[in-house]
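Here are my notes on this one, as numbered points you can check against the coordinates. Shout if anything looks off when you open it up.

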Protein chains: 2
Amino acid sequence: MLAGCRFVMSRIVPAFLWQTRGMAAKRATILDVAERAGVSTTTVSDALRGRGRISSATKAAVEQAAADIGYVPNRAARSLRIAEFGVIGLHLPETLSRSEFYMSTTFGVLEQCASHDYDVTLISSKRAAAPPDVDGVIVVDPLTGDLGLPRILELAVPVVTMERILGVEREAALVTADYESATVQLLDLLAEGGAQRIGLLSAIAETDWAQRVRREYEQWCAANNREPHIALHSVRASDDTWVEGAEGLLDVGCDAVLCGPPVAAHALLVAANARDLPVGPGLGMACVVDAPSLASAVPPVTSVDLKPRESGRASVDLLVGILRGEQPKDARVPIPATLVERASTGTA
Amino acid sequence: MLAGCRFVMSRIVPAFLWQTRGMAAKRATILDVAERAGVSTTTVSDALRGRGRISSATKAAVEQAAADIGYVPNRAARSLRIAEFGVIGLHLPETLSRSEFYMSTTFGVLEQCASHDYDVTLISSKRAAAPPDVDGVIVVDPLTGDLGLPRILELAVPVVTMERILGVEREAALVTADYESATVQLLDLLAEGGAQRIGLLSAIAETDWAQRVRREYEQWCAANNREPHIALHSVRASDDTWVEGAEGLLDVGCDAVLCGPPVAAHALLVAANARDLPVGPGLGMACVVDAPSLASAVPPVTSVDLKPRESGRASVDLLVGILRGEQPKDARVPIPATLVERASTGTA
DNA sequence: CTGAAAGCGCTAACAT
DNA sequence: ATGTTAGCGCTTTCAG
């Protein structure tokens, strides 16, 4: 019998999916459950959260009652009471140049947050008013000049970043892919393939990873007695700009090019094609950041899998640990990278 | 003088960004502001939200006091009180095959939510426990078989989708790109370029857009007395599978192929290249969904800009309107598409 | 093993 | 134009 209970929400589907309003239009509360189960609200709360002072009989009764009336806990009330939000903020860089990477990261974050029972709220750089209420923040790829970042760091909650934030002295906990080893592996591979003059087509120093790739490239050149040839552009620059950069490297006689972001690799393919340079045999190339479009390019481009999804998951684990009060023994979690050898290096 | 006020949070940066806990570790409350400004809490609330019953003098004083102690409203308390969350849920499909598209959509949603002062929470399909508390939901691209979708539709909040949800009789409000016109425009263009036998390489009927593209293709073939040649794969299928599909179409003598998702276009490029078929002159091709990698492919692939970012913004506007109680006069908002002609159709 | 009561921070109704 | 009061739904002492 359902008569006598105030709410039977779960079975009621609105006539149109858009015809409901307000906070779930008067949902069942813990009091409704308590009345239906004939116990107190405290008991309901304890039973539902499994705080073991409840007999299994009442626990079952409460759970039944809750299910009957489709009770869903009001998280706002819970948050207010326990002074935690159950929400992790995620800041994504607003550039499409590595979007598969960021998508993968996002799904990694989402997956792991779900398993820790956290929600994920996106943090916009251009939020005029108040920032969202979050227990902690994950910053995926802090672009220098992103005016939203300082505000995030002032949120006074723990922050985990996946790239060091440039121009900020205080460090956040860090989960970071191994760009250094990726760079060296690719350069070695290009050299193995017989390349004499290897150029670098990558992003300007607007992110930490770009700086690290460049530094590693220069060190490798020095260690191997090669002359460095570098063309850098913003990840926000146009395709044409990148193609020009690629042409510049070909002009100075590079017989191989290491690309940073995928956009650089595609630009190099365009430039090479325009000159009828056969990529692979005639022109070696590789790209630090892998992307699906590189796998299906012609020819497929050798790159490195930086494990974005795994990085996302690891960031959440690190952050959740911090939120639980565990002082991380190491606030830097490295994510190993895996070489993905394809035809463009002429060695596969 | 700051002495005498309980909180000066905004100036305090933790020694390490990860050394704070709990709900912003005792933030300033509305009461703190009230005491500092020498007014009541109601006055503070009204002043800060601009509910015009406050003299400009007190308003200024309150704002000053709030700024002094770094007051940030507690949204959980506010939500609890006003029975609204100020949060819109966003459901993204878990496939990388159109990730630029989804990224753009996401940023569109985020931008417009920010301007309406809503937060955006990602809704995971695999959330074990309770779904997040949201005022409304935007579903970007409902893949059939996504087990999270039914639960979302049961949330009893307004839903806006960007694709019709297959297998659900009740309709959500809908913002949708014009795939029909996109399909026809591209087919006409390929025919203009001299193509006689135009194949379709697209996604199986796991989304509404794929169905619509296919239907439109078949109608076009019928209207133009062409024999249809169709190869369909899941967007979750491997690159190799897609390449095989492309090869099949070439095997039956297609001299042009209309591709659905970008992954199909890349597969066709691979297949064409393996046979030394010059795309553009020898083999016409176009892709319904644009992506950066198509613009920088060799040759660049003609496609249609479906305005994902604009769609994202429009979804938010529609949803926010519904949340405000405005019954939408039309629950279907079409987003016009724009042809982007490139070399692959041999007509540019 | 369970209940009663207080209160998290905020806003809406009702005073003044 | 401003203050007082009650209470949103939940968890947490503290009492049984």
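1. First, a term: a residue is called buried when 20 or more other C-beta atoms lie within 10 Å of its own, with C-beta atoms placed from the backbone. On that count, buried residues make up 53% of the 348 residues in chain A. Keep in mind that this is a predicted model.

2. Chain A overall. The chain has 12 helices and 12 strands. Of its contacts with a separation of 6 or more, 68% are between residues 24 or more positions apart.

3. The sheet in chain A. Six strands form an open sheet with mixed pairing, in the order β7-β6-β8-β9-β10-β12. β7 (229–233) and β12 (338–340) of chain A are at the edges with a single partner strand each, so one side of each has no neighbour in the sheet. From one strand to the next the twist averages 20°.

4. One pair inside that sheet. Strand β9 (residues 284–289) of chain A runs parallel to strand β10 (residues 302–305) of chain A, and the two are joined over 3 bridges. If you want a spot to zoom in on, take Ala286(A), whose bridge partner in β10(A) is Thr302(A). Helix α10 (residues 262–274) of chain A packs on the sheet, where it touches β6 (198–203), β8 (256–259) and β9 of chain A. The direction of α10 makes about 160° with that of β9(A).

5. Helix α1 in chain A. How many of the 8 residues of helix α1 (residues 30–37) of chain A are buried? The count is 6, so the helix is largely enclosed by the rest of the structure. The buried ones are Ile30(A), Asp32(A), Val33(A), Ala34(A), Arg36(A) and Ala37(A). They pack against α2 and α3 (56–69) of chain A. Right after α1(A) comes Gly38(A), with a positive phi near 70°.

6. Helix α1 in chain B. Here the thing to look at is the packing of helix α1 (residues 30–37) of chain B on α2(B): the angle is about 100° and the axes are 8 Å apart. That angle makes α1(B) roughly perpendicular to α2(B). On the α1(B) side, the contact uses Ile30(B), Leu31(B), Val33(B), Ala34(B) and Ala37(B), while α2(B) brings Thr41(B), Thr43(B), Val44(B) and Ser45(B). By type, the residues of this contact split into 6 nonpolar, 3 polar and no charged.

7. Around DNA strand C. Both chains take part: α2 (41–49) and α4 (75–82) of chain A, and α2 (41–49) and α4 (75–82) of chain B, each supply at least two residues of the surface near the strand. The largest share, 5 residues, comes from α4(B). There are 24 residues around DNA strand C, and those that come nearest are Thr43(A), Ile30(B), Ser45(B), Asn74(B) and Ala77(B). The surface divides into 8 nonpolar, 11 polar and 5 charged residues.

8. Arg75(B). Is this arginine, which is found in helix α4 of chain B, buried or exposed? Arg75(B) has 21 C-beta neighbours inside 10 Å, and since the cut-off is 20 or more, the residue counts as buried. Beyond its neighbours within four places in sequence, Arg75(B) is in contact with Asp133(A) and Gly86(B). Phe85(B) is 10 residues from Arg75(B) in sequence, with 8.0 Å between the two C-alpha atoms.

Technical notes: Residues are numbered from 1 along each chain as its sequence is written. Chains are lettered from A and ligands numbered from 1 in the order in which they are written. This is a predicted model: local features need pLDDT of at least 70, side-chain atom pairs count only at pLDDT 80 or more; totals for chains, interfaces and linings use all residues. A residue is near a molecule or strand if its C-beta atom, placed from the backbone, lies within 6 Å of it. Helices (H or I, at least four residues) and strands (E, at least two) are DSSP runs, numbered from the N terminus. Ala, Val, Leu, Ile, Met, Phe, Trp, Tyr, Cys and Pro count as nonpolar, Asp, Glu, Lys and Arg as charged, and the others, Gly among them, as polar. Axes are lines fitted to C-alpha atoms, for helices over the stretch in contact, and angles run from 0 to 180 degrees between N-to-C directions. Angles under 35 degrees count as roughly parallel, over 145 as roughly antiparallel, 65 to 115 as roughly perpendicular and the rest as oblique. Two residues are in contact if their C-beta atoms, placed from the backbone, lie within 7 Å. A residue is buried if 20 or more other C-beta atoms lie within 10 Å of its own, exposed if 12 or fewer, and partly exposed in between; C-beta atoms are placed from the backbone. Two strands pair if DSSP finds at least two bridges between them.
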